[in-house]
2 protein chains.
Amino acid sequence: MDRRNRLAGQTGYLRHIQACNPAIEEPFLPWLIAGQIVGWLRPQMAEALKAHDRVFTHTGDALVLHESLGDFTARTNALQQIGEWLAEQGVTGSLMGESYPVTPAGREAAMCVIDRAIGAYFGIRAFGQHLNAYVRRNGKLYMWIGRRARDRLVFPGHLDNMVAGGLPHGISLMDNLLKECEEEAGLQPELARNSVPVGAVTYNRVAKRGYRPDVLYCYDLELPVDFVPHNMDGEVESFSLLEIQEVAHLVRETGEFKLNCNLVVIDFLLRHGFISPEEEDYLALVTGLRQPLVGIRPASY
Amino acid sequence: MDRRNRLAGQTGYLRHIQACNPAIEEPFLPWLIAGQIVGWLRPQMAEALKAHDRVFTHTGDALVLHESLGDFTARTNALQQIGEWLAEQGVTGSLMGESYPVTPAGREAAMCVIDRAIGAYFGIRAFGQHLNAYVRRNGKLYMWIGRRARDRLVFPGHLDNMVAGGLPHGISLMDNLLKECEEEAGLQPELARNSVPVGAVTYNRVAKRGYRPDVLYCYDLELPVDFVPHNMDGEVESFSLLEIQEVAHLVRETGEFKLNCNLVVIDFLLRHGFISPEEEDYLALVTGLRQPLVGIRPASY
């Protein structure tokens with residue numbers, strides 16, 4: 001069933017936060033490196049990994065990366081081999097050749113990397129960057145919104161933030177943002193550098209491929225009124241400049257946006273005063289966009 | 001010991017969030033109205049309330065407001081009488097004559113009201129409003145900071161947001177903000193109405209008088225460069241206009257600010273890009289300012 005129809009009859013901002021944070025009913029198993037949880041596995045994936053007992057040690061209800069794999073490179077190589085095997089066996093899709101951090105906390109604390117495609121099945125925390133690009137004209141605020149290409153693997157044809165992308169390992173936040181701005185919107189570094197980091201949206205989702213605890217770093221960028229985005233990498237079909245009330249309406253009343261982009265827009269609306277604090281769900285929205293991240297939170301929480 | 005000395009030797013933004021969200025070691029007992037938790041009591045307060053068994057029913061590990069108190073007025077009157085008795089007995093301080101909402105969720109869901117002084121001992125969620133007042137001049141951002149009067153009950157002589165106040169029951173957010181702006185900073189409604197609601201900071205503190213789950217609605221207000229605040233109610237000793245980097249330094253390196261005002265400033269710094277997302281504690285700060293509020297969160301979280 002199409003995602004837009006699935007949401008038919010439901011409206012409001014809060015349903016998007018709820019959809020990104022479902023009750024976890026599957027018995028995901030944690031996997032650990034050096035005593036710290038770095039991801040979560042479906043039982044069938046844990047079962048498949050029994051064939052690799054020199055890499056994963058099975059305890060009662062967890063998997064532990066073998067302690068003989070004592071450094072970044074050794075862990076990375078072992079996970080790369082397992083990834084190739086999983087892809088060959090058809091347990092997962094093909095490798096993507098992009099290295100994603102495996103970390104119990106922020107990306108700077110990565111203990112090794114894993115291929116992006118495999119990471120999705122290993123329930124690692126994924127990091128991304130989303131940009132709210134807006135224009136002020138005659139006292140009104142407009143936001144640039146993209147429509148995803150029809151051949152995209154996830155959410156084809158849905159609405160999207162003007163720039164949004166995943167964060168591989170080993171590249172700075174600013175460098176990755178500049179790269180994404182250029183590829184997705186033809187936005188040159190001179191302008192893209194004006195992006196203001198404004199926080200992060202966090203959620204703990206269950207996706208088709210596995211558990212998905214995501215962190216989206218959010219940015220605001222006010223653009224000149226005459227700037228027009230041009231997609232360079234084929235990921236975006238078209239861009240539209242919409243008045244902010246129209247964007248708010250699309251988020252509140254429809255399922256047009258890619259699921260997690262709704263949260264980024266809601267965060268923008270909250271920070272810029274476009275959602276009234278008298279609104280019934282206000283506190284649920286404000287706190288709901290910042291799900292606590294086990295492992296990132298200090299021990300005293 | 002002075003709070004500033006207690007923090008001596010400690011620096012960083014995160015310690016303020018930790019101080020506002022300590023591990024709860026005391027055995028607070030929940031109290032309920034119509035099946036919903038509305039506050040938390042110290043065991044000795046629960047014990048004192050045994051003298052009022054027509055108002056509070058003691059179950060094993062909770063107190064329940066007697067079901068015969070079936071509406072807003074009946075509950076309010078019963079709690080008022082108990083408040084007067086507690087003040088007379090010297091168990092609490094004197095009544096303040098301000099009605100605060102008693103609610104399992106947001107303030108609009110109040111099931112009755114309680115005197116502000118008594119509410120502090122009953123661990124009810126308290127709501128407040130804090131205003132970040134700032135000025136842009138020559139490409140720099142400055143923030144108006146108040147210094148609290150030396151005769152204030154809490155945090156005398158400490159730094160404070162330009163306007164900050166509690167939210168009594170039955171007044172709209174905007175009306176209360178306008179009132180506080182006028183009393184605390186001599187800020188007239190014409191200017192104060194430009195305040196932009198930008199979210200809320202939440203924390204679960206343990207204060208001298210009891211458990212303190214607070215919600216601070218936050219506002220940003222850009223002021224004309226020639227505006228100068230004047231305190232009208234004696235709560236503020238003086239105001240200073242400080243460059244934002246100086247404000248950030250005071251929060252990060254000292255204990256000069258009233259405890260919860262640190263969180264409001266950190267939220268401002270995060271939203272305006274003055275804390276780099278590459279900073280190690282970034283995600284702990286972003287999520288730490290939005291503690292989940294049991295009762296406000298939808299059931300599916």
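I will talk about one sheet in chain B and then about the interface that chain B forms with chain A, keeping in mind that this is a predicted model.

Let me begin with the sheet. In chain B there is an open sheet of 4 strands, which runs in the order E2-E1-E4-E3 and has mixed pairing. Strand E2, residues 36-41, and strand E3, residues 56-58, stand at the edges of this sheet in chain B, and because each has a single partner strand, one side of each is left without a neighbour in the sheet. If we ignore direction, neighbouring strands here are turned by 30° against each other on average. Looking at one pairing in detail, strand E1 of chain B, residues 29-33, pairs with E2(B) in the antiparallel sense over 5 bridges, and in E2(B) the residue B:Ile37 is the bridge partner of B:Leu32.

Now to the interface. On the side of chain B, 42 residues are in contact with 42 residues of chain A, and the area buried between the two chains is about 3,200 Å², with carbon and sulfur atoms giving 65% of that area. Which elements of chain B give two or more residues to the side that touches chain A? They are helix H2 (14-20), helix H6 (173-185), strand E11 (196-207), strand E12 (210-222), helix H9 (259-271) and helix H10 (282-288). Sorted by class, this side of chain B has 24 nonpolar, 12 polar and 6 charged residues. As for specific interactions between chain B and chain A, the rule finds 0 salt bridges across the interface, whereas it finds 6 residue pairs in polar contact, both residues being at pLDDT 80 or more.

How values were computed. Residues are numbered from 1 along each chain as its sequence is written. Chains are lettered from A and ligands numbered from 1 in the order in which they are written. This is a predicted model: local features need pLDDT of at least 70, side-chain atom pairs count only at pLDDT 80 or more; totals for chains, interfaces and linings use all residues. Side-chain values use heavy atoms; hydrogens and water are left out. Two strands pair if DSSP finds at least two bridges between them. Axes are lines fitted to C-alpha atoms, for helices over the stretch in contact, and angles run from 0 to 180 degrees between N-to-C directions. Contact means heavy atoms within 4.5 Å. Buried area is the accessible area (1.4 Å probe) that two parts lose on being put together, summed over both. A salt bridge is a side-chain nitrogen of Lys or Arg within 4 Å of a carboxyl oxygen of Asp or Glu. A polar contact is a pair of N or O atoms within 3.5 Å; within protein, one must be able to donate a hydrogen and the other to accept it, and residues adjacent in sequence count only if both atoms are side-chain atoms. Ala, Val, Leu, Ile, Met, Phe, Trp, Tyr, Cys and Pro count as nonpolar, Asp, Glu, Lys and Arg as charged, and the others, Gly among them, as polar.
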